[in-house]
Amino acid sequence: MKDRLGWFVSIILFVLVLYPLAAVIIQVLLPGVFFGNWQLGDLKLLLEIFNRPLWQKSLENSVLLGLGTTLLATVLGGMLATIRSSWSFPTAKLLDASVWLLIITPSFILAQGWVLFAAGGGIAVNVFGWHWITGAIFQPAGLIFIMTLSKFPFAYLSVHAAMEWKVDQLSQAARLSGASPLTVWRTIQAPLLMPAVFAGAALVFMDTIGDFGLPASIAAVYRFPTLPYSIYSAIYTSPIRFDMAGVLSFYLVLLIGIAMFVQFYAMRRSRFDFLSARAERSIPKPAGKYAALLTTLNLLFLAVVIGIPIGANVLMSVFKTQSAGLKLSNLTLNHYRDLFDSSSLLLKGLGHSLMIAGVAALLGLLFGLCVAYVLTYSQFKFKRTIEVFSIVTLAVPGVVLGIGYIFVWNQKWLDSIGLLLYGTPWILVLAAIAGAIPVITRLMVGAMAKVPHSLLTAAQLQGDTFIGRLRLILIPLIRGALLSAGLAAFGSSVFDLAVNSILFPPSFLTLPVTINKAFEDLDFGYASAATVLGSGIVILIILAVELLLRRKEATA
Amino acid sequence: MKTNRKHWIGTVLLAGLVALTAACGNGNAGNGTNAAAANSGNTETTTPTEAAQTEAPTTKDEGTLTVYLNDFDSIIAPLFEEATGFKLEVVAGNGAEIMSRVEAEKGNPHWDVVWLDAMPSIYGLGASGQLMEGWSPNNVANLTDYAKGFVPEKQWYVPTGAHAAGVIVYNKDKVKAEDAPKSWEDFSNGKYKNLIGMADPAIAAPAYPFVSLFFKEKTIEGGQAYFSSLMDNGLRVYPKNPNVVKALAAGEISIAALQESNAYSMKNDGEPIEIIWPSEGAPASVRVAAIQKDTKNPNAAKAFLEFLLDPKTQQALIDQGDESYFQPSVTGVNAKADRSPDAKLVAADASWASENEAAIKQWFADQSVK
């Protein structure tokens with residue numbers, strides 16, 4: 001049975017992720033394979049990355065950005081998680097909420113916010129008069145800084161989850177044997193956390209190295225080509241070269257592979273099954289006299305990581321002109337009025353996007369549940385492979401997946417069995433599910449890790465069915481995580497730009513495409529207003545669903 | 001018993017998936033999205049009320065005409081339907097996105113007509129056998145002498161207008177009229193060091209026609225030497241024309257080679273800029289329309305090309321369109337009143353520009369990271 005579920009999950013992952021990805025990479029070997037042409041490609045292209053200045057630079061930049069961000073974001077996320085789980089202070093919950101907000105907000109919106117803030121003629125210059133900021137941000141270190149502030153949530157969540165349980169007996173034994181608190185931390189607590197730190201670091205690295213939103217938004221101001229950006233140019237520069245996109249994707253996948261290998265290796269060396277019956281849920285201690293300090297620091301931090309990117313969008317949406325800055329005479333609601341203009345396609349696009357995201361979240365949740373079940377409880381042979389491919393869409397740029405989807409879902413023979421999905425909204429749903437799998441699976445696995453297998457086995461011994469076990473035992477216990485996963489998938493799918501821009505069917509506009517078009521035409525007011533309206537509606541929907549469903553949850 | 005149940009569940013899961021995906025395939029007609037894609041088995045034939053075609057249609061159209069375009073997306077469908085009775089679906093994106101989709105769909109195209117201001121790229125589609133050949137609309141008779149020169153030998157496409165891929169634009173507050181560059185050669189003059197900007201030919205659709213003319217006229221080496229001298233002179237390359245507009249407005253640059261519509265709308269927005277048409281001519285970006293070889297909607301597609309070469313249509317594009325500054329391709333149409341009367345356009349030969357597109361763009365992309 002479990003193997004059957006394992007195979008089912010493998011097949012779906014293959015169709016949603018592996019096959020489209022392979023379809024792009026195979027372009028290097030057989031450029032015309034999807035058009036009935038079996039001619040061999042030029043394999044020398046693979047080595048061009050060491051000759052072509054643009055590619056070389058892209059590789060360098062990607063590695064630099066990836067490593068720098070991974071280092072800083074892991075340290076930052078780890079520190080924040082440690083503080084958060086050690087002490088309780090007012091506004092701590094706000095930090096959790098912000099972390100989720102950062103994870104589901106697409107990077108192009110965060111990056112646009114930073115560009116609006118820091119570019120020459122941006123908000124920092126016009127409103128605050130900080131002329132130095134443009135030079136400080138638009139250089140490699142500045143970009144690593146922005147990336148760190150956008151990607152640290154992965155490290156934070158990973159470490160925070162690991163600190164939820166503590167086994168004090170180990171530390172107590174050490175203290176009784178005369179170890180200083182520092183030694184206890186260095187030799188016991190820190191090593192026990194290492195798997196979570198590595199897992200967080202790997203996620204940060206993959207999400208950073210595959211990120212297209214930041215280099216794309218920054219490109220308008222500062223030239224910083226990365227691998228995803230050069231993939232984008234290969235795909236979007238006539239004459240179109242899918243084989244070049246394939247080469248660069250190959251290197252991207254290679255980098256991800258290395259990152260995963262390092263993670264597995266590190267985990268193997270530092271795996272301790274330390275949770276025992278004596279484990280207790282760790283409860284943050286009141287911060288006492290430091291509460292005020294922690295609160296202030298927390299609010300300052302949030303003002304930067306959330307306030308700048310999102311605040312810049314909000315400000316821009318009410319400015320008449322960008323250059324006039326923050327003055328009463330320069331404020332207007334006209335951009336919002338334009339959104340509701342009869343000729344505006346935005347509301348229709350928003351409707352489409354919400355519908356697609358909703359369907360994708362539900363189906364993705366169902367599938368994510370299966371993946372997490374296999375990863376957590378089964379003995380399935382290819383568990384590791386499933387784990388890898390459940391994360392891979394985090395790192396593969398949406399344009400690559402999008403082109404792969406066209407290759408896969410636009411083959412003529414599919415028409416005869418009614419599966420020619422390219423050109424229909426369903427292609428967007430499938431792509432959205434693929435994009436949501438990493439977040440959903442991570443959350444589900446985290447939640448399931450806390451439900452002992454013995455509960456399920458006991459029910460099975462009593463003759464309960466598989467569905468019955470899921471429905472009556474597992475799902476009630478992980479309800480909260482299910483809800484969070486579904487909502488996070490929904491929120492991030494609404495704004496998924498890359499996939500949308502290449503796959504949208506004729507006359508079927510979606511929200512991110514509309515927003516991006518406005519940004520491209522430098523219609524910042526309209527674009528920001530659309531972003532703010534869209535995010536507002538998404539947040540309202542999330543809150544409403546939370547209120548409706550969360551209340552019934554039993555207190556754990 | 002237990003194993004039976006397990007079998008059952010696996011089957012249900014798989015069956016559910018198949019049902020789901022099958023439903024996906026058929027469901028697109030009913031979801032109120034109007035996305036009657038070519039594959040939905042839509043056999044309904046559109047009956048034109050006053051279709052522009054002259055010969056009786058031998059084949060019937062199978063679905064709705066789908067046009068891939070990069071401009072005029074908001075007005076073209078109603079205009080076309082009013083003129084011919086045919087319905088029209090558009091996929092709008094920037095030139096690069098459209099070309100990418102066309103290329104990825106090569107095995108099973110979803111478009112009937114492509115209409116872009118990227119003549120070399122469309123020429124490339126013709127050369128690789130993806131366009132309908134040997135048919136030309138009756139309205140080619142309307143073409144101006146200048147536009148006639150753009151019709152390729154095998155009649156892959158028709159030109160519907162041309163605009164300057166770049167005119168010289170300068171900021172009046174920063175540069176005095178007598179100091180402004182008058183010709184493209186002036187751009188390498190040391191007194192404009194770090195003042196000039198342009199769009200990236202590897203990204204912006206009209207920027208390639210701009211640079212290709214220089215490469216054609218000066219030969220590849222000469223073109224590289226010319227642009228190297230500009231780069232040595234501090235030329236700034238921005239991804240797209242709107243970015244150039246922004247840089248000009250923010251004072252990052254004072255002089256630019258700017259696409260025509262962007263230049264005029266900047267001037268109309270009250271920015272302190274002046275436009276110069278160089279006497280040797282501005283590189284032309286020619287907008288062309290072409291029909292896909294295996295189109296399932298040949299009647300509507302042909303009607304669309306006839307429609308685009310109708311003076312009334314081009315006048316409407318100039319009066320109502322978003323990219324309204326262009327030189328019409330048919331006679332009897334008035335260009336924008338404020339468009340300079342001595343606007344002179346020169347275009348590089350499409351086949352030459354198409355053959356050298358990859359090499360020139362790659363040279364540019366590699367230069368800009370150095």
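No salt bridges are found by the rule across the interface of domain 1 of chain B and domain 2 of chain B, where the count is 0. The model described here is predicted. This report starts with the two domains of chain B, then turns to chain A and to the interface of the chains.

**The domains of chain B**

Although the salt-bridge count across this interface is 0, the rule does find 6 residue pairs in polar contact there, both residues at pLDDT 80 or more. On the side of domain 1 of chain B that touches domain 2 of chain B, helix H4 (residues 119-127) of chain B provides the largest share, 4 residues. That side divides by class into 4 nonpolar, 6 polar and 2 charged residues.

The domain assignment of chain B places residues 65-162 and 285-337 in domain 1, and residues 167-283 and 351-368 in domain 2. Between domain 1 of chain B and domain 2 of chain B, 12 residues of the former and 15 residues of the latter take part in the contact. The C-alpha centres of these two domains of chain B are 27 Å apart. About 1,100 Å² is buried between domain 1 of chain B and domain 2 of chain B, and carbon and sulfur atoms give 52% of that area. Within domain 1 of chain B, the residues that lose the most area to domain 2 of chain B are Pro120(B), Ser285(B) and Tyr325(B), which together account for 51% of what that side buries.

**Chain A and its domains**

Chain A contains 24 helices and 4 strands. Its radius of gyration is 24 Å, close to the 24 Å given by the globule rule for 556 residues, so chain A is as compact as a globular protein of that length. The C-alpha trace of chain A spans about 70 × 60 × 50 Å along its principal axes.

In chain A the domain assignment gives domain 1 as residues 1-41 and 333-556, and domain 2 as residues 50-328. The C-alpha centres of domain 1 of chain A and domain 2 of chain A lie 22 Å apart. The contact involves 39 residues of domain 1 of chain A and 42 residues of domain 2 of chain A. Between these domains of chain A the count of salt bridges is 0, and 2 residue pairs are in polar contact, both residues at pLDDT 80 or more. Helix H24 (residues 524-550) of chain A gives the most to the side of domain 1 of chain A that touches domain 2 of chain A, with 8 residues. By class, that side has 28 nonpolar, 8 polar and 3 charged residues.

**Chain B against chain A**

The contact between the chains takes 60 residues from chain B and 61 residues from chain A. Across this interface the rule finds 0 salt bridges, while 7 residue pairs are in polar contact, both residues at pLDDT 80 or more. Several elements of chain B each supply at least two residues of the side that touches chain A, among them helix H1 (2-26), strand S1 (65-69) and helix H12 (357-368). The largest share of that side, 14 residues, comes from H1(B). The side of chain B that touches chain A has 25 nonpolar, 18 polar and 17 charged residues.

The buried areas of the interfaces are listed below.

| Interface | Buried area | Share from carbon and sulfur atoms |
|---|---|---|
| Domain 1 of chain B and domain 2 of chain B | about 1,100 Å² | 52% |
| Domain 1 of chain A and domain 2 of chain A | about 3,500 Å² | 79% |
| Chain B and chain A | about 5,500 Å² | 62% |

Key: Residues are numbered from 1 along each chain as its sequence is written. Chains are lettered from A and ligands numbered from 1 in the order in which they are written. This is a predicted model: local features need pLDDT of at least 70, side-chain atom pairs count only at pLDDT 80 or more; totals for chains, interfaces and linings use all residues. Side-chain values use heavy atoms; hydrogens and water are left out. Domain bounds come from an automatic or database domain assignment. Contact means heavy atoms within 4.5 Å. Buried area is the accessible area (1.4 Å probe) that two parts lose on being put together, summed over both. A salt bridge is a side-chain nitrogen of Lys or Arg within 4 Å of a carboxyl oxygen of Asp or Glu. A polar contact is a pair of N or O atoms within 3.5 Å; within protein, one must be able to donate a hydrogen and the other to accept it, and residues adjacent in sequence count only if both atoms are side-chain atoms. Ala, Val, Leu, Ile, Met, Phe, Trp, Tyr, Cys and Pro count as nonpolar, Asp, Glu, Lys and Arg as charged, and the others, Gly among them, as polar. The radius of gyration is taken over C-alpha atoms; the globule rule is 2.2 Å times the number of residues to the power 0.38.
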